[in-house]
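Hi everyone, thanks for coming. I've got one structure to walk you through today, so let's put it up on the screen.

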Amino acid sequence: MGASILILGAGFGGLETATRLREALDESFEITIVDQRDFFNFGFTKFDLMFGRREPEECKERLSALDDKGLRFHQAVIESIDPEARQVETSTGPLTADYLLVALGADIAPEATPGFLEAGGHHFYTFAGAEWLWPLVNDFEGGQILIAIFDKPYKCPPAPYEAAFQLDDFYRDRGIRQDVAIDILIPGPMPLPVSKSVSADIEELLTSRQIALHTNHKVVEVDYRAKQAVVANQTRFPYDLFIGVPIHRPPAVVLECGLGEQGWIRVDPATMRTRYERVWAMGDVVQIPVGNFAGPKAGAFAEDAAATVAGDILRTIRGQGEVSPYQAQGACYFEFGEGKVAEIAANFLGGPTPDLTLNGPSLEYRADKEEFERSRIEKWFGT
Ligand SMILES: Cc1cc2nc3c(=O)[nH]c(=O)nc-3n(C[C@H](O)[C@H](O)[C@H](O)COP(=O)(O)OP(=O)(O)OC[C@H]3O[C@@H](n4cnc5c(N)ncnc54)[C@H](O)[C@@H]3O)c2cc1C
């Protein structure tokens, strides 16, 4: 009684869902996964590139390996989606499916902040962006580094703070930290507004490492000629190296197809279903409200959503089965430099209010982080 399942996006969410479905269904179910790239890389490996700790090739997992797992990997750019017909146009031709999952992540729009691209457009939010930062970080001999979060939402909310801690550590090792000032400008009142206590922990750690945090400082423009970041209240911050967290947007193909008519795709968190029949969406491309906040965009939560999506697809196919609702539960690892890692353990939807705790930093959590990466590679790509 086979059927075709089409998964758009071979990121955290798409890979975890494909793996779960392949384990549960026999070969009469054809599972195709489409991505424009021929490799996957973990978000956090971008820091390994930015700090020259790993070669780019060491951070890439080849998606062609999925074919040996009983999946069909199709490398193509998705050009349009017809959710009504569950049909997709790609750069290599059309694809149709009985069951469709959209897991296309979030795009970045560095051009949306005036002057940012002219200032170099430096960021660590893509593989290429992180690679380009390494020579700049490596050659920097002293001066002012600014890290600015332009707006929310953005992927991996702790990432800009991780970047700052690792810059601090890098220049300490070089013996020039006293010549380097590191400031972070953020649009909101605290590092992670969803948790006052974790925000307070992060602020304390930033202070202990002489990293200055400027809350409620939304950078609206980069005056690249004067080398100054311009804040909404018109205060100016001079810089020698400017690193931005670009504005994030749903992929254009999602905005254009009706699925993301309000921007990010809205789904039912109990099932991750969209308003179209047999069409699901998950991961960074969806927005699930958490009280007054938007649900987090991070791989750990995309992985949690995969349990719900795969469960609901299986229930739809079989006409029975239990599905555990998405709780936005998971642990994000947080780099502190000095070889140490902390864990932010979170459950956003499982209780009346989001529950977040910061554990560590310690050397033990580094081992946990390494095991997290190793086990996912084994599960998704191992034979
Ligand atoms: C610096 C940094 C550090 C991070 N650290 C962590 C961390 O420690 N822990 C954590 O949990 N998360 C972390 N993240 C966040 C994490 O990487 C993302 O949240 C996660 O990958 C989202 O998974 P996803 O499946 O929704 O989307 P993605 O993993 O982004 O996958 C989407 C896929 O869709 C493909 N795609 C998009 N548009 C098209 C198209 N038109 N045609 C074809 N293919 C397309 C893309 O190529 C991509 O492979 C970090 C991110 C960054 C940038």
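I'll go through the domains, then the ligand, then one helix.

Keep in mind that this is a predicted model. The domain assignment splits the chain into domain 1, which is 4–106 plus 250–321, and domain 2, which is 110–248. Their centres, taken over C-alpha atoms, are 30 Å apart. Where they touch, domain 1 puts in 17 residues and domain 2 puts in 19. On the domain 1 side, helix H2 has the largest share, with four residues. That side is made up of eleven nonpolar, three polar and three charged residues.

Okay, so where does the ligand sit? Both domains give residues to the shell around it, so the ligand lies between them. There are 35 residues around the ligand, and the ones that come nearest are Gly-9, Gly-11, Gly-43, Gly-105 and Gly-283. Helices H1, H2 and H7 and strand E22 each give two or more residues to that shell. By class, we get 20 nonpolar, nine polar and six charged.

Now for helix H8, residues 363–381. With 19 residues at 1.5 Å each, H8 should span 27 Å, and its end C-alpha atoms are indeed 27 Å apart, so that agrees. Which residues of H8 are buried? They're Tyr-365, Lys-369, Phe-372, Arg-376 and Trp-380. Those cover an arc of only 55° around the axis, so they're on the same side of H8. What covers them includes H1, E22, E23 and E24. Flip to the other side of H8 and you find exposed residues, among them Leu-363, Ala-367 and Glu-378.

Definitions and conventions:
Residues numbered from 1 in each chain as written. Predicted model: local features only at pLDDT ≥ 70, side-chain atom pairs only at ≥ 80, totals over all residues. Near = placed C-beta within 6 Å. Nonpolar A, V, L, I, M, F, W, Y, C, P; charged D, E, K, R; others polar. Domains from an automatic or database assignment. Expected span 1.5 Å × (residues − 1). Buried ≥ 20, exposed ≤ 12 C-beta atoms within 10 Å, placed from the backbone. Arc of directions from axis to C-beta. Contact = placed C-beta atoms within 7 Å.
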